[in-house]
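Let's take a friendly walk through the spaces inside a protein, both empty and filled. Please have the sequence and the model open as you read.

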Amino acid sequence: MLGQIPQAVINLDALRHNLACVRTAAPRSRVMAVIKANGYGHGLLRVATALRDADALAVARVGEGVQLRDAGSRMRIVVLEGCFDERELVEAVGRNLDLVFHQPDQLRLLQLVRVPHAPRCWLKVDSGMHRLGFDLDAAADAYAALAHAAPGERQPGLMTHLANADDLADPYTREQLASFGPLAKRLGAAVSISNSAGVLGWPEAHGDWVRPGLMLYGASPFAGGRAAGHGLRPVMTLRSRLIAVNRYRQGDRIGYGGTYVCPEAMPVGVVAVGYGDGYPRHARSGTPVLIAGRRAALVGRVSMDMISVDLRGLPGARVGDPVVLWGEGLPIEEIAEWADTIPYQLTCGITPRVAVVEAASGAVASWEGGG
Ligand SMILES: *Cc1c(COP(=O)(O)O)cnc(C)c1O
């Protein structure tokens, strides 16, 4: 019996450790832990529960906030994209969600729809990302309109987003900060600027609230960076097993399209993981995997359910051996580089076929033993 494979093993101690790293990096800021997209694939409710010590949670959509409230979360929850129609506004206010306002239609909605009490609000300003937010020129008027439409003790917060904070050599971040700073000062609002790259790389951008996502899950936001270089620990380990070991002759072609040709007679293993599980289809020949703790390289194309691996360096490899695709012992950033993508997409992309288990549960211990 191989047990259910593949598995995404979630280490919640690592998640809490990474939150502590955020506090160390941004000691004067409050922390809005970003858990959108099913907690970057780690499980929305699971990570919300483990991150109880954060000062707030942030999600992208109203529906995600409602899911958290339905599950009993009483934390402050910020909806980063705000609401788009009357129904969402009423629901968000009823569930006590903080709302971000990034465009005039959202402001008009708040002015027109009768709600039982004013929500806590954030104004999103475009300081150069050019995705969401009011122009810097329009921001002061929009802020006044928002404060008027949502009267309360707490004035609205002010939010902006950095476009290229993961490139420490790009002066653009400083330009964004320089154009946003005076506005924030003038309005005297609580400000929130930094994603993970801002937290780790731009102390001058920390402000009153930081908004880390990726670093909480134990991955580096910087090109060429590694979590361990920031003291972060991987939260998700994607694992499976070797389900076949075959020997091929020199010149034999491996898998769809025969893109890998055996340079000599060699053993090739098959691992039960593929793009149907969220393993990236564009991972190239050479992408590392860990087989019973030792490195081997992917060969040929990734299939829906399987990948093939070069076992020349691992003559002792056997059917049933545990395989790590990323996580503990194999940096996810490395896999992302081989697949021309980013760690975010890998953890978010785990499909429902993968069994998600928590590291503390007995399942993992027995799995190690090969049961
Ligand atoms: C997703 C998101 C974040 C978190 O970004 P990371 O790079 O994962 O730290 C922060 N702010 C906004 C507005 C986001 O959409």
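A cavity here is a set of grid points where a 1.4 Å probe fits but cannot get out, and its lining residues have an atom within 4 Å of a point. Keep in mind that this is a predicted model.

**The enclosed space**

How many cavities of 30 Å³ or more does the structure hold? There is one. The largest cavity offers about 70 Å³ of space. Around it you will find H42, then L214, Y217, G218 and A219, followed by P234, V235 and M236, and finally I332, P343 and T347. Sorted by class, this lining has eight nonpolar and three polar residues, with no charged ones. Both domain 1 (12–220) and domain 2 (236–367) take part, each giving at least three residues to the lining.

**The ligand and its pocket**

Now let's turn to the ligand. Where does it sit? The ligand takes up the space of the largest pocket. Its shell counts 13 residues, and the closest are K36, Y40, S196, L214 and Y344. L214 therefore deserves a second look, as a residue that lines the largest cavity and is also among the closest to the ligand. By class, the shell is made up of six nonpolar, four polar and three charged residues.

Three side chains make polar contacts with the ligand, as the table shows.

| Side chain | Ligand atom | Distance |
|---|---|---|
| K36 | oxygen | 2.6 Å |
| R211 | nitrogen | 2.9 Å |
| Y344 | oxygen | 2.6 Å |

How much of the ligand does the protein bury? Taken alone, the ligand exposes 390 Å², and the protein buries 91% of that.

To look back, K36 and Y344 are among the closest residues to the ligand; a polar side-chain atom of K36 lies 2.6 Å from a ligand oxygen, and an N or O atom in the side chain of Y344 is 2.6 Å from an oxygen of the ligand.

Key: Residues are numbered from 1 along each chain as its sequence is written. This is a predicted model: local features need pLDDT of at least 70, side-chain atom pairs count only at pLDDT 80 or more; totals for chains, interfaces and linings use all residues. Side-chain values use heavy atoms; hydrogens and water are left out. On a 1 Å grid over the protein atoms alone, a cavity is a set of points where a 1.4 Å probe fits but cannot get out, and a pocket is an open set with protein on both sides within 12 Å along at least five of seven lines; lining residues have an atom within 4 Å of a point. Grid points are joined across faces, edges and corners, and a volume is the space filled by probe spheres set on the points. Ala, Val, Leu, Ile, Met, Phe, Trp, Tyr, Cys and Pro count as nonpolar, Asp, Glu, Lys and Arg as charged, and the others, Gly among them, as polar. Domain bounds come from an automatic or database domain assignment. A residue is near a molecule or strand if one of its heavy atoms lies within 4 Å of it. A polar contact is a pair of N or O atoms within 3.5 Å; within protein, one must be able to donate a hydrogen and the other to accept it, and residues adjacent in sequence count only if both atoms are side-chain atoms. Accessible areas come from the Shrake-Rupley method with a 1.4 Å probe; for residues, only the protein chains shown count as cover. A molecule sits in a cavity or pocket if more than half of its atoms lie within 2 Å of its grid points.
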